[in-house]
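This report examines how one protein chain is arranged in three dimensions. Please look at the sequence and the structure before reading on.

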Amino acid sequence: MNKELQKSIYLILFLLISSILLGQGNRVQYNATELLRIYDSLFLANDWRNEYKAQLDEQLGIGWKEKMLKVGDNIPNVLIGELMDSIGSVRLFDLKEKETELIILDFWNTNCFSCIASFPKMESLQAKFGNKVKVLLVNPWQSKEEIRKFFPKGAVLPKLPIIINSTNLLAYFPIQTIPYHVWIGKNGAVHVLGSAYNTYEEKVSKYLRGGDVSYIANESTLPRFEPTLPYFKVLKVIPSFYRYNSFLSPFNPNYATQQPGAVFDLVDSVNGIRRNTLINQSYLNLLKMAWKNEIRENEDKIIISPLPGELVLKVRDTTKYTDYYVNTLKKTDSQYARGRFCYEQIAPMSYTQDQLIDSMRKELEAFGTQFLGAEISFKEDSVLGFVMTHSNMAKVKSKSLQNDELKLEDFMRNNVKMRRYINVSISDIVSDNFGSKLKDDLKGSYFINDSNLDRISFIELPVGFGLNELENGLRKNGFTITKKKFNLFRLYIIENQ
């Protein structure tokens, strides 16, 4: 889609929603300069940022913050570290190499599973673009020995240069979450900072053709959600504090996107208002928060669900509602942002939280109908599942009430590997062994705990148990499992034909 056309659609979307929903009050022009000033004032203002800043002060020197690079800055000819496959010498690596049009720094460490899982993707990109692109795996935190120890003996290291002893790069890129990607162009200018979702074949190709690429940042360069900052101030909207206001806008890339934020029923006694604010949440999450009380009742009982949030989703394109169904390793920034929105309610103190939630439901339903072409409903219906009940509360061993110590112990019995659970929650027991055998036995059905008991004092089960083994073990504790209909609240999102 043409970038200018996309911007126009988003602007129209925001204006239409603002008028359709119950939002009141005078609106002033969106001021990007003022918006950035608000963000800048938040950076390093929170406790977690001060703590991180103190660590970098000690590690890099007091002046590190002045070195921090933004998109558009030119990177200096810095000593970036030691090549993992070299003889151990530290050398000056030229990040302005003439034969390379794009350098991608992929920050990682061995504690980041998603980082390591994405190595094949990065290797594929390197193979695809050859000398035009250079991918460097940068680990500023761990030594060569630590990295070697992590990979099993004889395992092949990633087929990409690994840069270690590169702590000095943290002054230029104060990283909070990984994987973290930096794009550096042929002229040495920084083009992308932030999420690994930014790096994929189509976007790299567009950049190499001279196209202007957008990107998703994260909390290394942008503030996380700050509950005390009303979103209406970020939007430069002046609401009326004497009546109900609501605002719904598209995904806001100026917030740290990998840490969506939410605050419910925040009472501002100075202005005499109460507020609900949700930042960069998927539309599905907004719906789930609007029906959170009913969904919580489900979550208290459902141990295994065939769909997240007891959801019935019949749509043509799921990314309009959530990026949950997109493979994380193949996810792009546009897929991440497409179905995410910022939403805020402001109401006088006389409003109850129930009134706010009721308004939120109506507004989200209206948005779904008018802009997404979907009918939204939340209703109780009957589903077939495996329901666990208890014959008599009095039969529960008193040990579970007297001893809170949780234990898992493995042992062998008749050449079968067994696991003993002591005071472990029922959901943890099932999820601990939710292997192919139990999964096949359940056949995509719900597994529901309707016993009002959340844990078991003592049970022994074979590792990798199936439904029969679980049922036999539970029977000794007074539980039974029955396949039957069960009334359940479910969220329906169904697009019009």
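The sections below describe a predicted model, moving from its nonpolar cores to its sheet and then to selected residues.

## Nonpolar cores

The largest nonpolar core holds 26 residues, and Y283, L286, L287, M360, L491 and I493 are the members that touch the most others. At least two residues of this core come from each of α11 (283–290), β15 (340–348), α14 (353–371), β16 (374–390) and β21 (479–495). The largest share, 6 residues, is supplied by α11. In soluble globular proteins, nonpolar side chains tend to be buried together.

L287 illustrates the contacts of one core member: leaving aside residues up to four places away in sequence, L287 touches L364, I376, L491 and I493. A second, separate core has 25 residues, including M84, F119, L157 and V204.

## An open sheet and its helices

Five strands form an open sheet in the order β13-β19-β16-β21-β14, and their pairing is mixed. Its edge strands, β13 (302–304) and β14 (311–314), each pair on one side only. From one strand to the next, the twist averages 40°. Within this sheet, β16 and β21 are paired in the antiparallel sense over 17 bridges. One residue pair can be followed here: I376 has I493 in β21 as its bridge partner.

Two helices pack on the sheet. Helix α12 (residues 292–301) touches β13, β16, β19 and β21, and its direction makes about 60° with that of β13. Helix α18 (residues 467–475) touches β16, β19 and β21, and its direction makes about 120° with that of β21.

## Enclosed elements

Is strand β10 (residues 245–250) largely enclosed or not? Since 6 of its 6 residues are buried, β10 is largely enclosed by the rest of the structure. Strand β10 runs antiparallel to β15, and 6 bridges join the two. Within β15, F341 stands opposite P250.

Helix α9 (residues 201–208) has the buried residues K203, V204, S205 and Y207. Among the elements that cover these buried residues are β4 (102–107), α6 (119–129), β5 (133–138), β7 (180–185), β8 (190–195) and α13 (333–338). Just after α9, G210 takes a positive phi of about 95°.

## A buried glutamine

Q281 belongs to strand β12 (residues 273–282). Is Q281 buried or exposed? Q281 counts as buried because its relative accessible area is 5%, and the cut-off for burial is under 20%. The side chain of Q281 makes a polar contact with the side chain of N285, at 3.3 Å. Not counting residues up to four places away in sequence, Q281 touches P260, G261, A262, L286, M289, G339, R340 and F341.

## Positive phi in two loops

Most residues other than glycine have a negative phi. Two residues in loops depart from this pattern: K443, with a phi near 55°, and N452, with a phi of about 65°.

K443 is located in the loop between α17 (436–442) and β19 (446–449). N452 is located in the loop between β19 and β20 (455–462). Both are exposed: the relative accessibility of K443 is 67%, and that of N452 is 70%. These values qualify because exposed means over 50%.

Definitions and conventions
Residues are numbered from 1 along each chain as its sequence is written. This is a predicted model: local features need pLDDT of at least 70, side-chain atom pairs count only at pLDDT 80 or more; totals for chains, interfaces and linings use all residues. Side-chain values use heavy atoms; hydrogens and water are left out. A nonpolar core is a set of buried Ala, Val, Leu, Ile, Met, Phe, Trp, Tyr and Cys residues joined through side-chain atoms within 4.5 Å. Buried means under 20% relative accessible area, exposed over 50%, partly exposed in between (1.4 Å probe, protein chains only). Helices (H or I, at least four residues) and strands (E, at least two) are DSSP runs, numbered from the N terminus. Contact means heavy atoms within 4.5 Å. A polar contact is a pair of N or O atoms within 3.5 Å; within protein, one must be able to donate a hydrogen and the other to accept it, and residues adjacent in sequence count only if both atoms are side-chain atoms. Two strands pair if DSSP finds at least two bridges between them. Axes are lines fitted to C-alpha atoms, for helices over the stretch in contact, and angles run from 0 to 180 degrees between N-to-C directions.
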